[in-house]
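Grab your favourite viewer and work through a few exercises with us. Try each task yourself before you read its solution.

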Amino acid sequence: MEIRVVGNDAGEKLSILAGTLARLDRAAPEYGVGEYNDFNTFYLQAASGTSGGSSGSPVLDIYGDAVALNAGGSTRAASSFYLPLSRVKRALDLIRRGECVPRGTIQAEFEHLPYDELRRLGLDMSIETKMREAFPASQGMLAVRTVLPQGPADGSLRSGDIVVSIDKQPVIDFVGFEARADSAIGADLRVGVWRGDKAYETCVRVQDMDAITPHRYIEVGGGVVNSLSYQVARSYGIPAAGVYVASSGHVLSSAGAWRGTVIQTVGSTPTPDLDSFARAFAVLSEGSRVPVRFFTLEQPHRQKVAIMSVDTHWHALRMATRDMHTGSWIYGDLPPPTPARAIEPQTAAVGRLPPSLAPGDAVWPSVVLVDFHCPYLVDGMKDTQFSGPGFVIDKSQGLVVCDRDTVPIGLGDVHVTIAGSVVVVARVRLLHPVYNFAVVQYNPRQIGDTQVQDLKFHPEYLSGERRLAQGDAVYIVAVSGDQSPVVRHTRVASRSMVSTRECLPPRFRCMNVEGIKLNDHPACQGGVLCDDAGLVTGLWTSVASQDSSHKDTTTMTGFDVCLLSQTVTALCGSDHCPDVRSLDAELWTIRLAAARALGLSPARIRQIEDACGENPRLFYVLGILSTETQASKLLHTGDIILEKNGHLATDINDLGAIHDDKLVRLVVLRDGQETALDVPTTPLPSLETTRVIHWSGALVQLPYRAVQEQVRSMPSSVYVSCTLYGSPANCYGLRPGMWITEVEGRSVATVDQFVAMLEHMRLDRSFDSQEQSASNIQTARYVRLTVVNKALVSRVISLRVDNHYWPPWELIHDAATPCGWKSIQHI
């Protein structure tokens, strides 16, 4: 039969492809384990070469009548596969009459085998003869391929059984079997089979397919769980029961319960279904850590137990139930975990290292483990979980320093493990805007009498009077991947500027600082450099960046402890964050030979040589980090900085991060001439992002510093840092890295103006998804946005607002709350 497939092949509108039906009895195609796969049906096949975009398109004969629906195709051939219309027409007729479509199942998969294969399975010739006489056009019969454990057919049918009859009536194909099952939901079918060399008849109770099709789900901690569906269970050959993780989110991922796992217990409560799962969460305490037992679909025989952090304050905890008449999902709030209990101090013994690991024994009482989980991918994050060592710098205030590869942003949950035994909740106190370290703070009352110690700094190295130099002997005291101590004696190999690339998406990168390389350093997560007495002279940290292909990289690099001096003094002494300022320029070294070629005078060269000794060098402006500040308008790319406030600028620590000076006087070499500039410095926040707005699945925030360095100018202050999968923003073309400049033709230059526009739309009933009429449903929910990308190219997109599934809200930093953030709902 000649056919035509009318569809949108490969996204092209109204494509018409030709073909000839080659098979009417092809097995249903397999699209992969865990994917949606049809079964218990024939497919039609033709070489029409359809591709994505034509799924569901009608397959027409030469008279224009539909004979099938396009359903799939092969990636290795031109073959296309079509679903027959027999069962489709039945469902359509029932829907037209306003009736439900019954679907019965016995949780068994069948395959249609030719008679020669059936004979090898033991089919008696007398049965084959009768079937050929009754169905002369058929070339085979149904055989049981698999039976799902604990399903209705389990124990009654076996793989390899040949189906002969149902309720004493011969059955030869899928349509006949499905018709019988659909009409007998809740009743028993008498299935006659041929097994080996004997005939058997067994009774199988027909189950309602809707009963094992998820019609509820629970949103918990940004993740989604639902009852394990028949489709997924069939793919892996496991019972169609249990709580399936469709999306792990923030809370379940803390235990490693990723998508594709089945939760068995939460705490000590078994969770065979959604209701028990909801009850298990209701008795937990917010901020607690509980064991979770689960297994993965790939290895259902192997159970896993992990610790889950109950941090549900970032997301709604609710159950959605499908309305069978409208198709909508109706939400209902679930009882949240009980409020966090009063602090109960926990005391642990701090382990002492043996003498063979000296001087690590002087450092180890200060070592802790820091875990950081971010609930949303803001500030350029691509991962949500980070872990690394930290070091107590003030035990009386609970201050811990770690690198920014461990705590990269301020929005998230922090847990500090002390003495390998006590886990306490902390929050981000400071993210240094220039150097590669962060400070988190826990309540010291939580650790009782645990004898942690402040990290002991070498006073001369902390003040900057001395610094590690090439060839110096040092000890590295670090933490290995399994949290055990690593101590090694080595030497400083070199000192050089830290080089990092601009990241995609933009995120913090360490720059304008010297790093320390060691001759022989062990594999570790991080640590400190110290002398033989255990006095710390440097930090050993992980520096995050990306390669030329924008793949994430990390490099272990040491830093002088004098970079911590201002922070230690400010936080430990007066309990406030230091005033850090910037010239808004990325600096790099330039040798005197290159500076001479650019016009540096011989007198200035002699002055620099006398001051620097063996390694004379200067710093020049490699790039401007922000085009919106006063400093960026005064400094130019290529400027060589000669002096700062009357002193030679030969130390990068004097230029990379400036403390307290609101105005600095620089002398720069520009176009062969020395020029004096009074440069206002730019204040840098201790927590860069303090506000995040969610709207229609887009996370909007102020453009942070890493964004500013990658654009020529800022189109607005409304920056899209992330779009959530499946949301209107994700589906209608609003991408991370865009700026919103107009909403419905109105300018939104600031975040406050954007929030005000959201409030205006909330009060406008035409944007209420519950107040739609038949006449305006096609247009009322759409919003016109003018967006601008990084290349400053603007375009207009329309986005369909859906406040039912994607309600607007915002997170605002609030030091008075336990997690440091508060949530505001806008509906």
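The exercises below go from the whole chain to barrels, cores, a helix and single side chains.

**Before you start**

This is a predicted model, in which local features need pLDDT of at least 70 and side-chain atom pairs count only at pLDDT 80 or more, while totals for chains, interfaces and linings use all residues. Residues are numbered from 1 along each chain as its sequence is written, and side-chain values use heavy atoms, with hydrogens and water left out.

**Exercise 1. The whole chain**

Task: Find how many helices and strands the chain has, and what share of its residues is buried.

Solution:
- Start with secondary structure, taken as DSSP runs numbered from the N terminus (helices are H or I with at least four residues, strands are E with at least two). The chain has 17 helices and 53 strands.
- Next, take the extent: along the principal axes, the C-alpha atoms fill a box of roughly 110 × 65 × 50 Å.
- Now apply the burial cut-offs (buried is under 20% relative accessible area, exposed is over 50%, partly exposed is in between, with a 1.4 Å probe and protein chains only). Of the 827 residues, 50% are buried.
- Finally, count contacts (heavy atoms within 4.5 Å). Among those with a separation of 6 or more, 62% join residues 24 or more positions apart.

**Exercise 2. A barrel at the start of the chain**

Task: Work out the order in which strands 1 to 6 close into a barrel.

Solution:
- Recall the pairing rule: DSSP must find at least two bridges between two strands.
- Begin with strand 1 (residues 2–7), which pairs with strand 4 in the antiparallel sense over two bridges. Here Val5 has Val59 of strand 4 as its bridge partner.
- Move on to strand 4 (residues 58–60), which is joined to strand 5 (residues 66–73) by three antiparallel bridges. Leu60 stands opposite Ala66 in strand 5. These two strands form a hairpin with five residues between them, and Gly64 in the turn has a positive phi of about 85°.
- Continue from strand 5 to strand 6 (residues 80–84), an antiparallel pair with five bridges. A hairpin of six residues links the two, and Gly73 is the bridge partner of Ser80 in strand 6.
- Close the ring: the order is 1-2-3-6-5-4, with antiparallel pairing. From one strand to the next, the twist averages 45°.

**Exercise 3. A second barrel and its helix**

Task: Find which strands helix 10 touches when it packs on the sheet.

Solution:
- Set out the barrel: six strands close in the order 24-25-26-29-28-27, again with antiparallel pairing. The twist averages 40° from one strand to the next.
- Look at one pair in it, strand 24 (residues 367–373) and strand 25 (residues 385–394), which share seven antiparallel bridges. Asp371 has Ser387 in strand 25 as its bridge partner.
- Add helix 10 (residues 565–574), which touches strand 25, strand 26 (399–402), strand 28 (422–431) and strand 29 (438–442). Its direction makes about 70° with that of strand 25 (axes are lines fitted to C-alpha atoms, for helices over the stretch in contact, and angles run from 0 to 180 degrees between N-to-C directions).

**Exercise 4. Nonpolar cores**

Task: Identify the residues with the most contacts inside the largest nonpolar core.

Solution:
- Define the set: buried Ala, Val, Leu, Ile, Met, Phe, Trp, Tyr and Cys residues joined through side-chain atoms within 4.5 Å.
- Rank the members: in this core of 49 residues, Phe457, Leu518 and Val528 have the most contacts. Strand 30 (residues 473–479) gives the most to the core, with five residues.
- Zoom in on Val528: beyond its neighbours within four places in sequence, its contacts include Val363, Phe391, Tyr475 and Trp540.
- Check for another: a second, separate core of 37 residues includes Val407, Val414, Val428 and Val440.

**Exercise 5. One helix, one side chain**

Task: Decide where the buried residues of helix 4 fall around its axis, and whether Ser582 is buried or exposed.

Solution:
- List the buried residues of helix 4 (residues 174–182): Phe174, Phe177, Glu178, Ala181 and Asp182.
- View the helix down its axis: these residues fall within an arc of 130°, so they line one face (the arc is that of the directions from the helix axis to the C-beta atoms).
- Turn to Ser582, in strand 36 (residues 580–582). Its relative accessibility is 3%, so Ser582 counts as buried.
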